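Q: Please take a close look at one strand of this structure and at what lies around it. Start with a single residue and work outwards from there.

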Amino acid sequence: MNIIIIGVGKIKEKFMQEGIKEYSKRLSRYCKLKILEVADESAPENLSKKEIEIIKEKEGKRILSKISNNSYIISLDIKGKNLSSEELSKKIEDITLGGTNDIIFIIGGSLGLSEEILNKSNLKLSFSKMTFPHQLMRMILLEQIYRGFRIMKGEPYHK
């Protein structure tokens with residue numbers, strides 16, 4: 001099982017880097033994890049809708065260049081489906097049992113994901129109606145994937 005996380009932008013904060021490193025280490029017992037970063041576009045305030053779409057399209061092209069065929073693509077999108085930790089665990093298990101070796105999670109930049117990426121996704125997943133910094137979402141996502149594997153294996157994990 002390969003888990004690939006594609007994120008727009010770099011993680012600059014040391015405390016976030018440490019959290020991501022910790023969950024990456026924990027996940028190494030359950031899967032092969034790869035975290036890929038693509039460059040983000042500068043997004044000044046007061047952009048027009050057209051400018052926002054252009055930025056998302058540019059970032060989307062970079063993301064697409066990292067996606068292999070035969071992967072199950074899960075995009076994080078505020079308008080996506082809400083799943084409990086148990087449901088996410090079951091989803092990962094079902095994807096694996098269905099014969100797919102690579103699950104790709106995509107985290108967009110500060111403006112979100114392009115329509116092209118969202119349309120290519122097998123699942124659009126929302127963690128909340130709240131907005132989180134995309135850097136923090138990387139750590140939250142890793143924690144939930146880790147929790148999912150623990151649930152899948154019947155191993156204890158705090159609730």
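A: Ser75 is found in strand S3, which runs over residues 72–82. This is a predicted model. Is Ser75 buried or exposed? With a relative accessible area of 0%, Ser75 is buried, because the cut-off for that word is a value under 20%.

Which residues does Ser75 touch, apart from those up to four places away in sequence? The list is Ile106, Leu113, Ile117, Leu118, Ser121, Leu123, Lys124 and Leu125. Two of the elements that appear again below take in some of these numbers: helix H4 covers 115–120, and strand S5 covers 123–126.

Ile73 is found in S3 as well. Its relative accessible area is 4%, so Ile73 is buried. Leaving aside neighbours within four places in sequence, Ile73 is in contact with Ile67, Ile104, Ile106, Lys120, Ser121, Asn122 and Leu123. Ile106, Ser121 and Leu123 are on this list, and they are also among the residues that Ser75 touches. A distance along the backbone can be added: the C-alpha atoms of Ile73 and Ile103 are separated by 6.1 Å, although their positions lie 30 residues apart along the chain.

Another pair can be set beside that one. Lys90 and Ile117 are 27 residues apart in sequence, and their C-alpha atoms are 24 Å apart in space. Lys90 has its place in helix H3, residues 85–97, and is partly exposed, with a relative accessible area of 45%. Ile117, the other end of this distance, is one of the residues touched by Ser75.

Just before S3 comes the loop between H2 and S3, which holds Asn70. Asn70 is not a glycine, yet its phi is positive, about 70 degrees. Its relative accessible area of 71% makes Asn70 exposed. The loop on the other side of H2, between S2 and H2, contains Asn46. Asn46 also has a positive phi without being a glycine, and the value is near 60 degrees. Asn46 is exposed too, with a relative accessible area of 77%.

The next topic is the largest pocket, to which S3 contributes. The volume of this pocket is about 650 Å³. How many residues line the largest pocket, and which of them lie nearest its centre? The lining has 25 residues, and those nearest the centre are Leu76, Asp77, Ile78, Gly109 and Gly112. S3 gives the largest share of the lining, four residues. The elements that give two or more residues are helix H2 (49–64), S3, H4, S5 and H5. By type, the lining divides into 13 nonpolar, eight polar and four charged residues.

H5 is the last of the elements in that list, and it can be followed further. H5 covers residues 134–152. At 1.5 Å a residue, its 19 residues should span 27 Å, and the end C-alpha atoms are 26 Å apart, which agrees. Of these 19 residues, 15 are buried, so H5 is largely enclosed by the rest of the structure. After H5 comes Gly154, with a positive phi near 70 degrees.

Where do aromatic rings pair up? A search of the whole structure finds three aromatic pairs. In one of them, the rings of Tyr30 and Tyr146 have centres 6.1 Å apart and planes at 65 degrees, so this pair is edge-to-face; the angle needed for that name is over 60 degrees. Tyr30 lies in the loop between helix H1 (14–27) and strand S2 (32–38), and Tyr146 lies in H5, so the pair ties together parts that are 116 residues apart in sequence. Tyr30 is buried, with a relative accessible area of 12%, and Tyr146 is buried, with 7%.

Tyr30 also forms an aromatic pair with Phe149, and this one is stacked, at 5.6 Å centre to centre and 15 degrees between the planes. Here too distant parts of the chain are linked, since Tyr30 is in the loop between H1 and S2 and Phe149 is in H5, 119 residues apart. Phe149 is buried, as is Tyr30. Taken together, ring pairs link Tyr23, Tyr30, Tyr146 and Phe149 into a cluster.

Methods: Residues are numbered from 1 along each chain as its sequence is written. This is a predicted model: local features need pLDDT of at least 70, side-chain atom pairs count only at pLDDT 80 or more; totals for chains, interfaces and linings use all residues. Side-chain values use heavy atoms; hydrogens and water are left out. Rings of Phe, Tyr and Trp (its six-membered ring) pair if their centres lie within 6.5 Å; planes under 30 degrees apart count as stacked, over 60 as edge-to-face and the rest as tilted. Buried means under 20% relative accessible area, exposed over 50%, partly exposed in between (1.4 Å probe, protein chains only). On a 1 Å grid over the protein atoms alone, a cavity is a set of points where a 1.4 Å probe fits but cannot get out, and a pocket is an open set with protein on both sides within 12 Å along at least five of seven lines; lining residues have an atom within 4 Å of a point. Grid points are joined across faces, edges and corners, and a volume is the space filled by probe spheres set on the points. Ala, Val, Leu, Ile, Met, Phe, Trp, Tyr, Cys and Pro count as nonpolar, Asp, Glu, Lys and Arg as charged, and the others, Gly among them, as polar. The expected span of a helix is 1.5 Å times one less than its number of residues. Contact means heavy atoms within 4.5 Å.
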